[in-house]
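Work through the exercises below with the sequence and the coordinates at hand. Each task is followed by a worked solution.

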Amino acid sequence: MATISIRDVRKSYGKTEVIHGVSLDVADGEFIVIVGPSGCGKSTLLRMVAGLERITAGTMEIGGRVVNDLEPRERDIAMVFQNYALYPHMSVFDNMAYGLKIAGKTKDEIRQRVDQAAAMLQLEPYLDRKPRALSGGQRQRVAMGRALVRNPAVFLFDEPLSNLDAKLRVQMRLEIKQMQRSVGTTALYVTHDQVEAMTLADRLVVMNAGIAEQIDTPMAVYERP
Ligand code: ADP
Ligand code: ADP
């Protein structure tokens with residue numbers, strides 16, 4: 001678990017500033033959902049927390065440590081992407097184990113962590129399969145498993161459910177919330193789906209044109225008279 005502190009963060013591409021000074025304090029174990037129209041900067045903000053985009057100005061802290069100049073792998077985060085980014089030629093087990101192998105974990109530890117994540121995500125029967133032999137929901141679970149085994153302080157989700165049909169989206173939404181609750185990991189979650197935002201968020205960040213217009217509970221944001 002970790003706190004996240006975003007202080008007057010800006011991002012420019014060339015001469016065009018697309019994030020105009022966003023500040024946000026996230027508590028340990030909090031689930032923050034970032035919403036707003038297409039192009040408002042949700043994904044850019046998340047990618048800056050991940051370290052996939054450099055911040056142009058301001059300060060970003062994860063777990064009390066300034067991460068402005070840290071690579072993604074030096075930050076205590078794991079990201080779940082919209083397109084899952086699974087390795088097609090690897091089994092489910094190897095997909096989940098890959099990052100741990102690269103990080104030099106022992107075989108025993110890898111086996112233990114993957115088994116634990118597979119149990120939590122009901123993936124045990126599928127560990128030997130290739131991604132192409134899985135349903136959309138199962139692939140999404142593998143992507144979550146890959147983040148989970150890393151045991152990160154922060155989960156970052158970039159529209160993880162947008163490739164799923166409506167029914168599965170509801171189910172996976174519940175599973176994501178359960179997983180986050182049971183491990184207690186701080187989460188930042190980007191979506192354009194209002195229902196997803198309302199059901200998942202402890203607090204919402206409503207972005208518009210590169211600004212965090214409102215930061216408040218779903219109740220306060222959506223049920224304001
Ligand atoms: P959202 O995730 O809310 O749809 P983005 O964060 O993807 O919005 O984009 C925010 C703004 O930054 C948009 O105007 C987009 O065109 C611009 N942008 C995003 N990535 C780049 C890039 N690599 N180069 C230039 N402009 C970009
Ligand atoms: P390294 O120092 O080699 O990057 P890491 O443990 O940080 O070691 O990451 C190992 C590999 O795991 C990375 O090279 C990357 O391919 C993969 N990886 C990184 N982030 C994620 C993630 N969120 N989910 C799944 N795999 C990831």
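The exercises go from the whole chain to single salt bridges in this predicted model.

**Exercise 1. Overall dimensions**

Task: Determine whether the radius of gyration of the chain agrees or disagrees with that of a compact globule.

Solution:
- Step 1. The chain has 225 residues, and for a compact globule of that length the expected radius of gyration is near 17 Å.
- Step 2. The chain has 17 Å, so the value agrees with the expectation.
- Step 3. Along the principal axes, the C-alpha atoms fill a box of roughly 45 × 40 × 30 Å.

**Exercise 2. Fold content and burial**

Task: State how many helices and strands the chain has, and what share of its residues is buried.

Solution:
- Step 1. Seven helices and ten strands make up the secondary structure.
- Step 2. A residue counts as buried under 20% relative accessible area; 48% of the 225 residues are buried.
- Step 3. Of the contacts with a separation of 6 or more, 68% are between residues 24 or more positions apart.
- Step 4. The accessible surface is about 10900 Å², and carbon and sulfur atoms account for 48% of that area.

**Exercise 3. Charge balance**

Task: Count the positive and negative side chains and find how far apart the centres of the two sets lie.

Solution:
- Step 1. There are 29 positive and 27 negative side chains.
- Step 2. The centres of these two sets are 5 Å apart.
- Step 3. Side chains of opposite charge can pair when their charged atoms come close.
- Step 4. With a cut-off of 4 Å between nitrogen and carboxyl oxygen, the structure holds eleven salt bridges.

**Exercise 4. Salt bridges and their surroundings**

Task: For the salt bridge of Arg-141 with Glu-175, decide whether the two residues are buried or exposed. Then do likewise for Lys-101 and Asp-94, and for Arg-10 and Asp-8.

Solution:
- Step 1. The closest N and O atoms of Arg-141 and Glu-175 are 2.8 Å apart. Arg-141 lies in helix H4 (residues 136–148) and Glu-175 in helix H5 (residues 166–183), so the pair, 34 residues apart, links distant parts of the chain. Both Arg-141 and Glu-175 are buried.
- Step 2. Lys-101 and Asp-94 form a salt bridge at 3.4 Å, N to O. Lys-101 has a relative accessible area of 47% and is therefore partly exposed; Asp-94, at 27%, is partly exposed.
- Step 3. Arg-10 and Asp-8 meet at 3.7 Å, N to O. Arg-10 is partly exposed because its relative accessibility is 28%, and Asp-8 is partly exposed at 38%.

Methods:
Residues are numbered from 1 along each chain as its sequence is written. Chains are lettered from A and ligands numbered from 1 in the order in which they are written. This is a predicted model: local features need pLDDT of at least 70, side-chain atom pairs count only at pLDDT 80 or more; totals for chains, interfaces and linings use all residues. Side-chain values use heavy atoms; hydrogens and water are left out. Helices (H or I, at least four residues) and strands (E, at least two) are DSSP runs, numbered from the N terminus. The radius of gyration is taken over C-alpha atoms; the globule rule is 2.2 Å times the number of residues to the power 0.38. Buried means under 20% relative accessible area, exposed over 50%, partly exposed in between (1.4 Å probe, protein chains only). Contact means heavy atoms within 4.5 Å. Accessible areas come from the Shrake-Rupley method with a 1.4 Å probe; for residues, only the protein chains shown count as cover. Lys and Arg count as positive and Asp and Glu as negative; His and the chain ends are not counted. The place of a charge is taken as NZ of Lys, CZ of Arg, CG of Asp or CD of Glu. A salt bridge is a side-chain nitrogen of Lys or Arg within 4 Å of a carboxyl oxygen of Asp or Glu.
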